[in-house]
Amino acid sequence: MIVSIDSDLQDDPEKILEMILKFYEGYEVVLGVRKNRATDGFFKRVTAHFFYRLVNFFGMPSVYNHADFRLLSRDVVAELKKFPERARYLRSLIFSVESKYACVYYDCGARMLGHSKFNFSKMVSLAVDGITSFSSAPIRLISLFGIIMFFFSFV
C-alpha cells in the first residue's frame, strides 16, 4: 500500500493507522477527508466550496474536502500508471479504477511553518485540468455557445 500526505502536516498523520485498518478490512482506496476547513482563510474556503460544486455540476466523481491525503493499494497504483494523461487529476481518476472506498475523517491542523505555495493561479490550473480531463461537459458548453454565436451572427 502507498499513503500520500502533504509535507505541511496539516493532514493528521496519526490517521494513517486508521487508514491501514480500513485497508485490511478490504478497501483498496482510503481517503483522508477534512471534517471542516476552519484553518483555511475565507478566500480558500469559498473557492474550495465553489470548486466542489463545479465538479459535481460537471458530473465528476469526487468526495467533498478530500485532497491528496489517501491510501492506495499497490494494484490501484498499478492501474493508475496505465493512464496516458499527462496531468492526472487523481481526486477523480481513482474512482475510475476502484469504486469501493472508505473515508477517514480528521480535523485539519494549522500549518506549522511557512505558507502555502499553492496560489490562485495554481488552484485555477488544477480545476481546469480536473474538469477538462475528466468531463466532456466543457466541450459541449463551448460547442453550444459557438452554435448560438454562429446563429446570431448569421441573423
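User: Happy to dig in! How many bridges join strand E2 to E3, and do the two run parallel or antiparallel?

Analyst: In this predicted model, four bridges join strand E2 (residues 29–34) to E3, and the two run antiparallel. Pairing requires at least two bridges, so E2 and E3, with four, count as paired. As one example of the register, Val33 stands opposite His66 in E3.

User: Thanks! What makes E1 a partner of E3?

Analyst: The same reasoning works nicely here. Strand E1 (residues 2–4) is joined to E3 by three bridges; the threshold is at least two, so E1 and E3 pair as well, running antiparallel. In this pairing, Val3 stands opposite Leu71 in E3.

User: Why is E3 called largely enclosed?

Analyst: Strand E3 spans residues 66–72, and five of its seven residues are buried, so the rest of the structure largely encloses this strand. Buried here means under 20% relative accessible area.

User: Which strands are the edges of the sheet, and what makes them edges?

Analyst: The open sheet has four strands in the order E1-E3-E2-E4, with mixed pairing. E1 and strand E4 (102–106) are the edge strands, as each pairs on one side only. From one strand to the next, the twist averages 25 degrees.

User: Which helices pack against these strands, and at what angles to E3?

Analyst: Helix H3 (residues 74–81) lies across E1, E2 and E3, running at about 120 degrees to E3. Helix H4 (residues 90–97) also packs on the sheet, where H4 touches E2 and E3. The direction of H4 makes about 35 degrees with that of E3.

User: How do you know that Cys103 forms no disulfide?

Analyst: Good one to check! A disulfide needs two cysteine sulfur atoms within 2.5 Å. The closest cysteine sulfur to that of Cys103 belongs to Cys108 and is 16 Å away, so the two are too far apart for a bond. Cys108 is likewise in no disulfide, and the count by this rule comes to zero.

User: Why is Cys108 called buried?

Analyst: The relative accessibility of Cys108 is 9%. Buried means under 20%, so Cys108 counts as buried.

Technical notes: Residues numbered from 1 in each chain as written. Predicted model: local features only at pLDDT ≥ 70, side-chain atom pairs only at ≥ 80, totals over all residues. Heavy atoms only, no water. Buried < 20%, exposed > 50% of the residue type's maximum accessible area, 1.4 Å probe, protein only. Axes fitted to C-alpha atoms, helices over the stretch in contact; angles between N-to-C directions. Contact = heavy atoms within 4.5 Å.
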